Amino acid sequence: MRKLSYIVLGIIIGALSTYYFCPKQISEDPVKIVKPKGVISVEKAKELNANWTLHRKASVDSAAQKQGRNQDDRSTYWSLEDIENYLGYAKNQADSLGYQMTGIRVYLGVYGKNAGQTKKDLTTMFIVPTGKKSTESSLNLNFRGNDGDIPGEPLNEGTGGQAGYPN
């Protein structure tokens, strides 16, 4: 009977040791998808695009025709891979320049006369990282989220398009 109690005690100690000392499987929390502020409906996007066409297209196309083109670009496309790579690159640059990257800003630009015949004087868009110096207070009292541009390298060279939304 005494041998049986040692066996039972050994099983209990073994079970407790296994429970406490063996690595536990860590269940990863599912990625939480958060709808960002500013997401609009497809209908609202169509309305905004129609308003651009109504109020800006004739002027922009008129300027493009002066350059010997029928129309100028009205959208720019970057692949998801390019955007993800750029965000990583921009965050790394921001860190090395002493900034905390908090967002991006999209600017309109125009290629100059020296851009080559295919781009000469046409519209482009480029993305610039925004943020604040890392030494600034982490308490952001600017509720508009209007941090300054980081003096890193912007992303340009997207593919332009002339079709309206949805393309």
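A residue counts as partly exposed when its relative accessible area lies between the limits for buried, under 20%, and exposed, over 50%. In the predicted model analysed here, phenylalanine 126 falls into this intermediate class, with a relative accessibility of 25%. Tyrosine 107, at a relative accessible area of 30%, is likewise partly exposed.

These two residues are joined in an aromatic pair, and the structure holds 1 such pair. The ring centres of tyrosine 107 and phenylalanine 126 are 5.5 Å apart and the ring planes meet at 20 degrees; planes under 30 degrees apart count as stacked, so the pair is assigned to that class. Tyrosine 107 belongs to strand 2 and phenylalanine 126 to strand 3, so the pair ties together parts separated by 19 residues in sequence.

Strands 2 and 3 also take part in an open sheet of 3 strands, which has the order 2-3-4 and antiparallel pairing. The edges of the sheet are formed by strand 2 and strand 4 (148-149), each of which has a single partner strand, so one side of each is left without a neighbour in the sheet. The antiparallel pairing of strand 3 with strand 4 comprises 2 bridges. Glycine 131 has glycine 148, in strand 4, as its bridge partner.

Helix 3 lies across strand 2 and strand 3, and its direction makes an angle of about 120 degrees with strand 2. The largest nonpolar core of the model contains 10 residues: Trp78, Tyr86, Ala90, Ala94, Tyr99, Met101, Met125, Ile127, Ile150 and Leu155. Two or more of these residues are contributed by each of helix 3 (80-96), strand 2 (99-110) and strand 3 (123-133). Helix 3 provides the largest share, namely 3 residues. In soluble globular proteins, nonpolar side chains tend to be buried together. Within the core, contacts of alanine 94 can be listed individually: when residues up to four places away in sequence are not counted, alanine 94 touches Tyr99, Met101 and Ile150.

A further alanine, alanine 63, is located in helix 2 (residues 42-66). With a relative accessibility of 40%, alanine 63 is partly exposed, since this value lies between the 20% and 50% limits. The C-alpha atoms of alanine 63 and leucine 122 are 9.2 Å apart in space, while the two residues are 59 residues apart in sequence.

Methods: Residues numbered from 1 in each chain as written. Predicted model: local features only at pLDDT ≥ 70, side-chain atom pairs only at ≥ 80, totals over all residues. Heavy atoms only, no water. Core = buried A, V, L, I, M, F, W, Y, C linked by side-chain atoms within 4.5 Å. Buried < 20%, exposed > 50% of the residue type's maximum accessible area, 1.4 Å probe, protein only. Helix = DSSP H or I, 4+ residues; strand = E, 2+ residues; numbered from the N terminus. Contact = heavy atoms within 4.5 Å. Phe/Tyr/Trp six-rings, centres within 6.5 Å; stacked < 30°, edge-to-face > 60°. Pairing = 2+ DSSP bridges. Axes fitted to C-alpha atoms, helices over the stretch in contact; angles between N-to-C directions.
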